[in-house]
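Open the model in a viewer and keep the selection panel at hand. The stops below say what to select and what is there.

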Amino acid sequence: MAKWLQQLETFIGGGPGGPRRVKAFRWLVLIGLIGAALILVANLLNVKTIDPSGDKDYAPLGDNDSPEQQTMTAGAARVDDPFVEIETTLETRLKEMLENMVGVGTADVMVTVESTEETVVQQNERDTSTITEESDRNGAKRHITDVTRDGQVVLYEVSGSQTPIVVKKIKPRVRGVLIVAKGGENATVHKLIAEAVSRGLDVPIHRISVVPRKQ
């Protein structure tokens, strides 16, 4: 910056009256810097502080809010999550069934799924293949096959509306299950729980954890 100003002053100061032009140029630079500083200070002084208490719609969740209010707020954020809906349904059903088993007392269940339900629709597929022959400089030949597959969903019409034909529905895949149950410390009950969950949810045994509950 200083070097650039020095070069500019050298350029301006050439010829007759050079020192006067350089002096005037320095005053202009100084006035410009003072003006920029004043604008910056004015912008900083105009920053307004907004009091959240003045906003009628602002209602932060505090420690004094009831547990019901906090649960409702958290629950509203979870309603739209399809994974949470599936996991909650499975946990409720599994808990009821486990607590009805012989040797099992109160149980808590946590299920984690890695996919939602998948719907497979029927498609008319058409495969197109193109074979190309090429020869290199040594006379060797090679065949290149290019296969293209096109698909179109098959629809059927009912009461004026078209609906895709559903071939099958794939249940959500379960990633893991954690069960905390009274009676889980018994080896026989532990095995019964693990086998029942494995067969009921089609989950490998190594992805099921059964731990005893505090007495």
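Two strands count as paired if DSSP finds at least two bridges between them. With that in hand, start at a hairpin of this predicted model.

**Stop 1: the hairpin**

Select residues 155–158 and 161–164, which are strand 5 and strand 6; these run antiparallel and are joined by 4 bridges. Together strand 5 and strand 6 make a hairpin, with 2 residues between them. Pick Ser159 in the turn: its phi is positive, about 55 degrees. Then pick Leu155, which has Pro164 of strand 6 opposite.

**Stop 2: the whole chain**

Clear the selection and colour by secondary structure. The protein chain holds 5 helices and 9 strands. Read from the N terminus, the order of elements is α-α-α-α-β-β-β-β-β-β-β-β-α-β. Buried residues make up 15% of the 215 in the protein chain. Among contacts with a separation of 6 or more, 59% are between residues 24 or more positions apart.

**Stop 3: the open sheet**

Now select strand 1 (107–113), together with strand 8 (174–181) and strand 9 (208–212). In what order do these 3 strands lie in the sheet? The order is 1-8-9, in an open sheet with mixed pairing. Strand 1 and strand 9 are the edge strands, each pairing on one side only. From one strand to the next, the twist averages 10 degrees.

Narrow the selection to strand 8 and strand 9, a parallel pair with 5 bridges. Val180 is the residue to label here, with Val211 of strand 9 standing opposite.

**Stop 4: helix 4**

Keep the sheet on screen and add residues 82–99, which form helix 4. Helix 4 lies across strand 1 and strand 8, and runs at about 145 degrees to strand 1. Measure between the end C-alpha atoms of helix 4: the distance is 26 Å, in agreement with the 26 Å that 18 residues should span at 1.5 Å a residue.

Which residues of helix 4 are buried? They are Val84, Ile86, Glu87, Leu90, Glu91, Leu94 and Leu98. Look down the helix axis: the buried residues of helix 4 fall within an arc of 155 degrees, so they line one face. Turn to the face away from the buried side, where the exposed residues Glu85 and Arg93 are carried.

Then go to the start of helix 4 and show side chains. A side-chain oxygen of Asp81 comes to within 3.0 Å of the backbone nitrogen of Phe83.

**Stop 5: Ser115**

From Phe83, a contact leads to the next selection, Ser115. Ser115 is in the loop between strand 1 and strand 2 (118–121). Is Ser115 buried or exposed? Its relative accessibility is 12%, and buried means under 20%, so Ser115 counts as buried. Leaving aside neighbours within four places in sequence, Ser115 is in contact with Phe83, Pro172 and Arg173. For Arg173, display the backbone nitrogen: a polar atom of the Ser115 side chain lies 3.1 Å away.

**Stop 6: helix 5**

Select residues 187–201, the 15 residues of helix 5. From first C-alpha to last, helix 5 reaches 21 Å, close to the 21 Å expected at 1.5 Å a residue. Buried in helix 5 are Val189, Ile193, Ala194, Val197 and Ser198. Seen down the axis, these buried residues of helix 5 fall within an arc of 160 degrees, so they line one face.

What covers that buried side? The cover includes helix 4, strand 8 and strand 9. On the face turned away from the buried side, the exposed residues are Ala187, Thr188, Lys191 and Arg199.

Look next at the two ends. At the start of helix 5, a side-chain oxygen of Asn186 reaches to within 2.8 Å of the backbone nitrogen of Thr188. After helix 5 comes Asp202, with a positive phi near 55 degrees.

**Stop 7: Ser198**

Finish on Ser198, which is in helix 5. Ser198 has a relative accessible area of 16% and is buried. Not counting residues up to four places away in sequence, Ser198 touches Val203, Pro204, Ile205 and Ile208.

Methods: Residues are numbered from 1 along each chain as its sequence is written. This is a predicted model: local features need pLDDT of at least 70, side-chain atom pairs count only at pLDDT 80 or more; totals for chains, interfaces and linings use all residues. Side-chain values use heavy atoms; hydrogens and water are left out. The expected span of a helix is 1.5 Å times one less than its number of residues. Buried means under 20% relative accessible area, exposed over 50%, partly exposed in between (1.4 Å probe, protein chains only). The arc is that of the directions from the helix axis to the C-beta atoms. Contact means heavy atoms within 4.5 Å. A polar contact is a pair of N or O atoms within 3.5 Å; within protein, one must be able to donate a hydrogen and the other to accept it, and residues adjacent in sequence count only if both atoms are side-chain atoms. Axes are lines fitted to C-alpha atoms, for helices over the stretch in contact, and angles run from 0 to 180 degrees between N-to-C directions.
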